[in-house]
Amino acid sequence: MGRQTFLAMLAAVCLLGAGCQADADEGRPTAVAAVYPLAYAAERIAGPGWQVVDLTPPGEEAHDVDLSLDDRETISRADLLLLLDPGLQPQLWDAIGDTGAVVRAVSDRPLADPHVWLSPGSYLREIAELVRHAFVQHQAAGGDRGYVRRFDALRDDLRDLARAYFRTIGGDRCRHDTMIVSHEAFGWLARDYGLRQFGLAGLTPEAEPTSDRLLQALRLIESGEAGAVFHETTEDAERVARALAGDAGVPALPLSTLESRPSDGDYLSVMHENLESLREGLGCR
């Protein structure tokens, strides 16, 4: 999926409110993000002149967000709305229609996998650069607020992170090349680093793995293609992963999808934690 498609997917709008209520804050303009990775980029780029609201509450899957009346009111009063694929949060796109928010650069063309932020290089190209563009476009109303300078700092951090990923899991450095994951949210990561993902439950995290998928996963481990079972931090995902890993005699390791704000740390720190899990589970030298 190319840059033009993501330009169409990242929407700059009137804003969206999060599961936490967003009131007008000292007259500052408000930017609302559909998921935490968009909010993180906005917080790094926008600076103190903006209030940034994250729609997806901590600990919640983006697919499960249920908009409140306060959220809908925030959408109607917002200055900038940052969205991804309509298939990820269709209820949000419905709310925009309800409120009559003015959306630009929007497409109804869905991504097969919207979790682009789970690969740092793709996150930089396909999300962070577009968030910068949205704020720079908005600066005509308030002058230069340092968006480009702050983006440069974020860009440097993401390039360092991408290099760390390549040094650890890229270039045939790992004994195993297949990630067995709770659900298939790691397609961008797999593509960028020459890996393969095998999801126990496809793209939908709520789906239960079938006996056939579990058997296929066991065969991947027995053949040496996979060396661990990676799971999200939800109770159900961890339970299934631990049961499968126990049967196969391999570790069950956490791998965050970062759809919502982490309880401890931020995007960069959690991505480093993911990298450590990948290093161990893939047997990288």
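How many disulfides does the count come to? In this predicted model, the count comes to 1 disulfide. The bond joins Cys174 to Cys284, with an S to S distance of 2.0 Å. The link is right-handed, with 90° about the S-S bond. Cys174 sits in the loop between α6 (147–169) and β4 (178–181), and Cys284 in the segment after α10, so the pair ties together parts that are 110 residues apart in sequence. Both Cys174 and Cys284 are buried.

The overall make-up of the chain was examined next. The protein chain holds 10 helices and 7 strands. Of its 285 residues, 52% are buried. Contacts between residues at least 6 apart in sequence were also sorted by separation; 71% of them join residues at least 24 apart. The chain exposes about 12,300 Å². Carbon and sulfur atoms supply 48% of that area.

Pockets were then considered. The largest pocket contains about 480 Å³ of space. Its lining comprises 22 residues. Thr233, Ser256, Thr257, Leu258 and Pro262 lie nearest the centre of this pocket. Helix α10 (residues 267–282) gives the largest share of the lining, with 4 residues. By class, the lining divides into 6 nonpolar, 9 polar and 7 charged residues. Helix α10 thus appears in two descriptions: it contributes to the pocket lining, and the segment after it carries Cys284 of the disulfide.

Individual positions were examined in turn. His231 belongs to strand β6 (residues 229–231). The relative accessibility of His231 is 3%, under the 20% cut-off, so His231 counts as buried. Neighbours within four places in sequence were set aside for the contacts of this residue. On that basis, His231 is in contact with Ser182, Ala237, Glu238 and Ala241. Its contacts also include Ala252, Leu253, Pro254 and Leu255.

Ala190 lies in helix α7 (residues 187–192). Ala190 counts as buried because its relative accessibility is 6%. Residues up to four places away in sequence were not counted among its contacts. Ala190 then touches Met179, Leu195, Arg196 and Gln197. A further pairing involves Leu118, which is 72 residues from Ala190 along the chain. The C-alpha atoms of Ala190 and Leu118 are separated by 9.5 Å.

Two loop positions complete the set. Val116 is found in the loop between α4 (90–99) and α5 (120–138). With a relative accessible area of 0%, Val116 is buried. Val116 and Glu126 are 10 residues apart in sequence. In space, their C-alpha atoms are 7.5 Å apart.

Gly47 occupies the loop between α2 (36–46) and β2 (51–54). Its relative accessibility is 16%, so Gly47 counts as buried. Gly47 and Arg150 are 103 residues apart along the chain, yet a distance of 7.7 Å separates their C-alpha atoms.

Methods:
Residues numbered from 1 in each chain as written. Predicted model: local features only at pLDDT ≥ 70, side-chain atom pairs only at ≥ 80, totals over all residues. Heavy atoms only, no water. Buried < 20%, exposed > 50% of the residue type's maximum accessible area, 1.4 Å probe, protein only. Contact = heavy atoms within 4.5 Å. Areas by Shrake-Rupley, 256 points an atom, 1.4 Å probe, with all protein chains shown as cover. 1 Å grid on protein atoms, 1.4 Å probe; cavity = no way out; pocket = protein on both sides within 12 Å on 5 of 7 lines; lining within 4 Å. Points joined across faces, edges and corners; volume = space filled by probe spheres on them. Nonpolar A, V, L, I, M, F, W, Y, C, P; charged D, E, K, R; others polar. Disulfide = S-S within 2.5 Å.
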